[in-house]
Amino acid sequence: MTQQYLTQEQHDLLEARLNQGQAEWLDFVEQAKSHITQGRDLNDPEVRQMAWQWRSDIRSFVADDLQLYEALIQLYQQEGAEAASWGTLDAPTLEYILKAVALLSVREEMVGFSWDRLTPETSEVMRRGQEAMRELHLNFFGTEGLILGLLTVETTPAAQALKNQHVYLVIAQNLIDDWLAKCTVSATDIPAEIPFTPRTYRVLQLTAEEANQQGNKQITPQHLLLGILQEGETTGGGLAMQVLRECKVDCDLLRQQLNSV
């Protein structure tokens, strides 16, 4: 049946990728079904994270090949979700996922934050933040993940500005490890993509606003750190701000240094 929509080469490629990532894919589908069973709102942070993961995984699945993506969409439209997913996904679950993706895209457009706007350095900061949370045995990505990611990518102006005020990775890691010791979980309870907390989403929105105010289309690590500072001013901040306070950071001076880059 798929030969009506895909070339043999496309079919073999997709089947190989699906088999290669089958365990992760099935975990993702179960997570989506769990959200449905729990009646989670489409605006729930974990549902938004799921939508972002879906969008990212689909692009990776087709390797940004637009023709392959369009062929897959045609297969879905004509034959349904089960056929398009090789029997691994039912129509109601896919409908829920696609609604979440649509709302996420609208939300990103409204707040100005889009993953496509991240510079390679900022993307690396986010990736390293995920790794840091996993190493600490945590199944949520709070602002502590952002500060650890910023400190891990040492070559950026943001990391240098933190270092100038004596904020070091090992200090931040030890502080966060102590503060969140009771929140750790087993490795099996940590998802492939660790979901952001609501506070982290708020920081990301403020990060986009900082970039917009400076007339920058791309979001740099400096904007990310400015977002942390701004969120800390309005709500007191999360653990990222606690790290800065513990290290006696002069936030006004830090902001000046970041804005001068």
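## Exercises on an all-helix model

**Exercise 1.** Which residues does Leu254 touch, not counting residues up to four places away in sequence?

*Solution.* Step 1: take a contact as heavy atoms within 4.5 Å. Step 2: leave out the sequence neighbours up to four places away, and Leu254 touches Ala161, Leu162, Gln165, Leu225, Leu229, Leu244 and Val249.

Before going on, a word on the ground rules. This is a predicted model, so local features need pLDDT of at least 70 and side-chain atom pairs count only at pLDDT 80 or more, while totals for chains, interfaces and linings use all residues. Residues are numbered from 1 along each chain as its sequence is written, and side-chain values use heavy atoms, with hydrogens and water left out.

**Exercise 2.** Find the largest nonpolar core and say which helix gives the most to it.

*Solution.* Step 1: a nonpolar core joins buried Ala, Val, Leu, Ile, Met, Phe, Trp, Tyr and Cys residues through side-chain atoms within 4.5 Å. Buried means under 20% relative accessible area, exposed over 50%, and partly exposed in between (1.4 Å probe, protein chains only). Step 2: the largest such core holds 75 residues, and Leu254 is among those with the most contacts inside it, along with Trp54, Ile147, Leu150, Leu162, Leu225 and Leu244. Step 3: helix 3 (residues 45-61) is the top contributor, with seven residues.

**Exercise 3.** How many helices and strands does the protein chain have, and how does its radius of gyration compare with the globule rule?

*Solution.* Step 1: helices (H or I, at least four residues) and strands (E, at least two) are DSSP runs, numbered from the N terminus. By that count there are 14 helices and zero strands. Step 2: the radius of gyration, over C-alpha atoms, is set against 2.2 Å times the number of residues to the power 0.38. The chain comes out at 20 Å, close to the 18 Å that the rule gives for 261 residues, so it is as compact as a globular protein of that length. Step 3: along the principal axes, the C-alpha atoms fill a box of roughly 65 × 40 × 30 Å. Of the 261 residues, 46% count as buried.

**Exercise 4.** Is Met133 buried or exposed, and what does this residue touch?

*Solution.* Step 1: Met133 sits in helix 7 (residues 120-135). Step 2: its relative accessibility is 0%, so Met133 counts as buried. Step 3: beyond four places in sequence, Met133 touches Leu138, Phe140, Phe141, Gly142, Glu144, Gly145, Leu148 and Ile194.

**Exercise 5.** Which residues of helix 13 are buried, and what covers them?

*Solution.* Step 1: helix 13 (residues 239-246) buries Leu239, Ala240, Met241, Val243 and Leu244. Step 2: the cover includes helix 8 (143-152), helix 9 (157-164), helix 10 (169-179), helix 12 (221-235) and helix 14 (251-259).

**Exercise 6.** Where do His166 and Lys248 lie, and what phi does each take?

*Solution.* Step 1: recall that most residues other than glycine have a negative phi. Step 2: His166, in the loop between helix 9 and helix 10, has a positive phi of about 65° although it is not a glycine. Step 3: Lys248 lies in the loop between helix 13 and helix 14 and takes a positive phi of about 60°. Step 4: relative accessible area is 51% for His166, which is exposed, and 70% for Lys248, which is exposed too.
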